[in-house]
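Here are a few notes on the ring contacts, jotted down while going through the model. Have the structure open as you read.

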Amino acid sequence: MVSNSSTNVLLSADGTPLKKSLNRSLRQQKMRALLLIAPLLIFILVAFIMPIVSMLSRSVENDLVGQTLPLTVQSIQSWDALSGELPDEPVYRAFAQDIQNAAKAKVHTKVGLRLNYEKSGIASLFKKTARKAKKWDIENDGPFKEKLTKVHKGWGEVEVWQTIKTHSPTYTSGYFLNAVDMRKTVQGAEWQPEDKTILIKLFQRTLVMSLIITFSCIILGYPVAWLLANLPMRQANLLMILVLLPFWTSLLVRTSAWKVMLQQQGVINDVLVQLSLISNEGRLIMINNEIGTIVAMTHILLPFMILPMYSVMQTIPPSYLRAAKSLGATNWTAFWRVYFPQSVPGIGAGSILVFILAIGYYITPEIVGGTKGVFISNRIAYHILKSLNWGLAAALGTILLVAVLILYWTYDKIVGIDNVKLGG
Amino acid sequence: MKNFTKTILTTASAALISGAAFAGSHMAMEMTIVSWGGAYSKSQLKAYHEPYSAKTGVTILNDDSSSTAVAQLRAMNEAKNITWDVVDVEAAPAMQLCDEGLAMEIDPDTMLAAAPDGTPASEDFGDMLVSPCFIPQIVYSTTFGYRTDLVGDTPPTSVCAVFDTKTYPGKRSLFSVPINQMEWALLCDGVDKADIYDVLETEEGQDQALAKLDTIKDDVIWVSSGSDTPQLLADGEVIMGATYNGRLFSLIEEQKQPVAMIWDGQVMDLDGWIIPAGLSPERQARALDYIMFATDTQRLADQAKYISYGPARASSAPLVGKHADLGIDMGPHMPTAPENLSRAFLMNYDFWADYRDDLDAKFQAWLAK
């Protein structure tokens, strides 16, 4: 008792210090809470975060070349790639050994394809060489410089060896350079030739068109949301169903419907011609270009704008507007000075939703965008599914993700994320 | 709390067990066959799947993923979980899958059925066996169809009509990829058929092809899928357009649209089966059994009853009969029919394996200009 009072520690019923026992029970509570959300947490980690991280890490990984051609990569380091001369016999010999092993393990095409992204022709060079190399006796069949050059004249080109050397490190900046229309060469980073630059243009187009779509959604969605919030219950419910109905319809159906509406022999053009507003020859081109993408995507994303706006507007008391008017404000002033500022959080939430959804859209631009209305995602899909250049696709995806995060951050700085409300 | 956890655990394990049981039964009596969907899958269903299921009792699940088969097989291989048993792909992807070790090698004479007269499969398929892993099924072609009501009194007979906007004004649809479009452009710019790929290897040749395409760029609707051109033709959106010959056949003969075909300059390609490498012995045996059945002489000829693609076996050609519903003679509608074949153009797989990435970047940049 004496010692206790001297240190001034309060004890709980079982004699442990109160602070300690409180901490323990708090910790237990926290653990329990954590356990409760653990399934969700683990699920998100395993099914969402990990795949994304592993996919994004492909944008810098480049171990394929080093793994498939280990001896070549090692011996080529001593070769001066800028000398303009071919590497010496040891490099050729190392390569002959590597390609023989690779051919036996059937991995030579993969590395050939990898290097073919950097220089056309390497794919078939590797394939052809591997076929021959399978039968070689590496110990006695030298010199390989002549032998390889005889198999394919490509082995007498400095550029081929430069490509192998440039792309041999385990980690590479090459994919990111490619993603912004540059390429990695022995002399360092270089712009792609002009007739191959497309990706920066696509990034710009994606951003600009997503902004246009977001603004069209605001302009079209605001009056609808206002009506929804201010009509009597019965009409509002009906209107709500009309807003949600397309939302429940398949995306593909809606996109294809726009095709029927917008094409040159389509409904809109037919009506315009019948009303003699345009001539039969002067039918408007509204699909397979930017207009098609903007119209179809605005329509598809509209509910994502209307719903947050509506839920915010619902909480604005009508008495405020009446008060403003009773104090002498005109209709416009009352709206602009009193109502609108209170609805901004809804616009903010809707805009973020629509913009972020738009920037990653793929299927709608693919169907109605033609060549002028496609987004960067269409290029990502091409590299994932067709050219199998997953490194480049990952680099493009990473840039897109970072761009969205930066925009989100700027938005937070300017508007403030606290001002975003999805309701209440 | 305890009860809750227990419930969750029980449910989860029950789900796992039933899942495992399901997977077990899948091993026994089910197989997943990957193809292209649409009318093509339907023709396979009628000619191959239904008779095979009737004969063996195996349930066949269809997966319409052929257009992205290489990417998916690569991913499956990395994940070490192959869920497909037999995959329908074109020749070029089949070669790539074979080179990468993602498809199993086939010995035609032991694993495929001989012709009815005893000719071994390797001779019966002949030149069609372009890769050791590839079991050819059909010959198809990419070619042009035109609206008969929009071309006036001089219907086009040459592929170069596509580039002749004076005689045939109006939109035309082309695929938004360099493959085929570059060849047609050079062909119509006066390059000899035999020299096209040599020319296309050079920068000047590529520029020449793009310059030729430039002359019609504003008149082209660029499409990405084989179903686009038939729709555009049916709606009168385009006066002519390129797609697969089977799609055009169905547009003309089944849907009775005012459309006709230009066989000139048709680019022929092969489509067939591969079996993914790394299947369990049991699944592999079943896949091989299916392949043996589905690529015999009669079965290949049967498929031509439902779609106008030419069977890949020489011995099947004489057995090609009439369309199952329409009753028309299918022979003249095959890309391999003699009068069509003489004007065909053969794709160079090796060239495109090398230049596809490069030319695609150029082509897309040119399109975006």
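1. Counted over all chains, there are 31 aromatic pairs. Keep in mind that this is a predicted model. One of the pairs is A:Tyr92 with A:Trp161, an edge-to-face arrangement with 4.8 Å centre to centre and 65 degrees between the planes.

2. That pair ties together distant parts of the chain: A:Tyr92 belongs to helix α5 (residues 89–105) of chain A and A:Trp161 to helix α9 (residues 158–166) of chain A, 69 residues apart. Both A:Tyr92 and A:Trp161 are buried.

3. Next, have a look at A:Tyr222 and A:Phe340. Their ring centres are 5.9 Å apart with the planes at 45 degrees, so this pair is tilted; planes over 60 degrees apart would be needed for edge-to-face, and under 30 for stacked. Here too distant parts of the chain are linked, with A:Tyr222 in helix α11 (residues 199–230) of chain A, A:Phe340 in helix α17 (residues 331–359) of chain A, and the two positions 118 residues apart.

4. Buried or partly exposed: what about A:Phe340? A:Phe340 counts as partly exposed because its relative accessibility is 22%, and the buried class stops under 20%. A:Tyr222 has a relative accessible area of 11%, so A:Tyr222 is buried.

5. Which residues form one aromatic cluster with A:Tyr222 and A:Phe340? They are A:Trp332, A:Phe335, A:Trp336 and A:Tyr339.

6. Over in chain B, don't skip the charge over a ring: B:Lys217 lies over the face of B:Trp366, 4.6 Å from the ring centre.

Notes:
Residues are numbered from 1 along each chain as its sequence is written. Chains are lettered from A and ligands numbered from 1 in the order in which they are written. This is a predicted model: local features need pLDDT of at least 70, side-chain atom pairs count only at pLDDT 80 or more; totals for chains, interfaces and linings use all residues. Side-chain values use heavy atoms; hydrogens and water are left out. Rings of Phe, Tyr and Trp (its six-membered ring) pair if their centres lie within 6.5 Å; planes under 30 degrees apart count as stacked, over 60 as edge-to-face and the rest as tilted. Helices (H or I, at least four residues) and strands (E, at least two) are DSSP runs, numbered from the N terminus. Buried means under 20% relative accessible area, exposed over 50%, partly exposed in between (1.4 Å probe, protein chains only). A charge sits over a ring if NZ of Lys or CZ of Arg is within 6 Å of the ring centre and within 35 degrees of the ring normal.
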